[in-house]
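Me: I'm new to this one. Please pick one charged side chain, look at it closely, and then take me through the surroundings and the other parts worth finding.

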Amino acid sequence: MPYSHIIAEKKGRVGLITLNRPKALNALSDALIGELGQALDAFEADGEIGAIVLTGSEKAFAAGADILEMKDRSYIDVYSSDFITRGWERVAHCRKPVIAAVAGYALGGGCEVAMMCDFILAAENAKFGQPEITLGTLPGAGGTQRLTRFVGKSKAMEMCLTGRMMDAEEAERAGLVSRVVPNESLVEEALKVADRIAGLSQPIVMMTKEAVNRAYETTLAEGIRFERRLFHSTFATEDQKEGMTAFSEKRQPDFKNR
């Protein structure tokens with residue numbers, strides 16, 4: 001379907017979503033978030049899509065939430081409408097893997113949406129930050145929570161209290177991004193990684209994603225128990241039999257996603 005604020009394309013087995021509000025540095029308006037949710041729903045329902053890449057422009061992944069849209073809202077407006085919770089968390093709830101390909105600014109809500117993805121590939125010019133405190137508010141889409149889990153209390157506290165940005169190199173050292181790649185090959189590399197994931201057994205990919213995410217939400221003992229049960233369950237799938245048989249026969253597996 002046609003969108004006004006994003007571009008959604010199929011690249012073989014990969015769904016590519018590009019935030020497309022260039023004049024506003026891809027500021028995350030209600031309309032954009034709504035379209036993003038629709039595109040994610042469509043790719044999740046498409047059996048031919050095995051992974052999703054979310055990106056912006058070379059100048060900005062997303063420079064934050066749309067301040068002009070927010071500034072006159074009252075407490076009762078944002079509370080009653082469940083602002084941010086409604087719609088924004090759709091990215092984090094995807095069962096299929098979502099890779100953030102970040103170039104330029106990923107600030108405020110942009111940084112938070114990137115952190116909702118399963119991992120971040122950063123261009124050399126990427127800059128991450130939570131500058132909400134300079135606007136008289138605080139991060140509201142998970143910035144104080146996800147950033148702290150990714151980079152630790154001290155760095156997250158400094159960034160949230162000062163609004164300081166970190167560049168791609170620091171973000172990789174801190175554990176916020178998985179890798180830094182040249183600006184010009186960012187999307188190409190993200191699509192390549194996503195295609196590799198999409199070529200694997202999709203039920204097992206989703207189980208693996210679920211298991212890694214559980215590590216942030218429970219104790220080590222319970223996480224290990226959860227992982228073990230999922231591991232056991234893979235032995236009920238055709239793909240486990242195919243994968244191990246292919247290994248023993250020294251050939252590439254032909255997964256059927258069953």
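Reply: Let's start at Asp 72, which counts as exposed because its relative accessibility is 64%. Here, exposed means over 50% relative accessible area, buried under 20% and partly exposed in between (1.4 Å probe, protein chains only). Before going on: this is a predicted model, where local features need pLDDT of at least 70 and side-chain atom pairs pLDDT 80 or more, while totals for chains, interfaces and linings use all residues. Numbering runs from 1 along each chain as its sequence is written, and side-chain values use heavy atoms, with hydrogens and water left out.

What does Asp 72 pair with? Its side chain meets that of Lys 71 in a salt bridge, 3.2 Å from N to O. The rule for such a bridge is a side-chain nitrogen of Lys or Arg within 4 Å of a carboxyl oxygen of Asp or Glu. Lys 71 is exposed too, with a relative accessible area of 53%. A little further along the chain you reach Tyr 75, which is found in helix 3 (residues 75-80) and is exposed at 61% relative accessibility. Helices (H or I, at least four residues) and strands (E, at least two) are DSSP runs, numbered from the N terminus.

Helix 3 also leads us to a pocket. The second largest pocket holds about 600 Å³ of space. Twenty-six residues line this pocket, and the closest to its centre are Ala 65, Ile 67, Met 70, Glu 132 and Thr 137. Two or more lining residues come from each of helix 2 (67-70), helix 3 and helix 5. A pocket is an open set of points on a 1 Å grid where a 1.4 Å probe fits, with protein on both sides within 12 Å along at least five of seven lines, and lining residues have an atom within 4 Å of a point. The volume is the space filled by probe spheres set on the points.

Now follow helix 5, since this helix (109-116) also supplies at least two residues to the lining of the largest pocket. Eight of the eight residues of helix 5 are buried, so the helix is largely enclosed by the rest of the structure. Among them are Gly 109, Cys 111, Glu 112 and Met 116.

As for the largest pocket itself, its volume is about 990 Å³. Its lining counts 32 residues, with Cys 117, Asp 118, Lys 209, Val 212 and Asn 213 the closest to the centre. Strand 7 (119-123), helix 6 (143-151) and helix 10 (202-214) each give at least two residues as well, and helix 10 has the largest share, with eight.

Back to charged pairs: the count comes to 23 salt bridges. In one of them, Glu 222 meets Arg 225 at 3.8 Å, N to O. Both lie in helix 11 (residues 220-234), three residues apart, about one turn of the helix. An α-helix has 3.6 residues a turn, so residues three or four places apart point the same way. Glu 222 is partly exposed at 40% relative accessible area, and Arg 225 is partly exposed at 47%.

Some bridges share partners, and that joins Lys 155, Glu 158, Arg 164 and Glu 170 into one network. Within this group, Glu 158 and Arg 164 have their closest N and O atoms 3.0 Å apart. Glu 158 is partly exposed at 35% relative accessibility, and Arg 164 is partly exposed at 27%.
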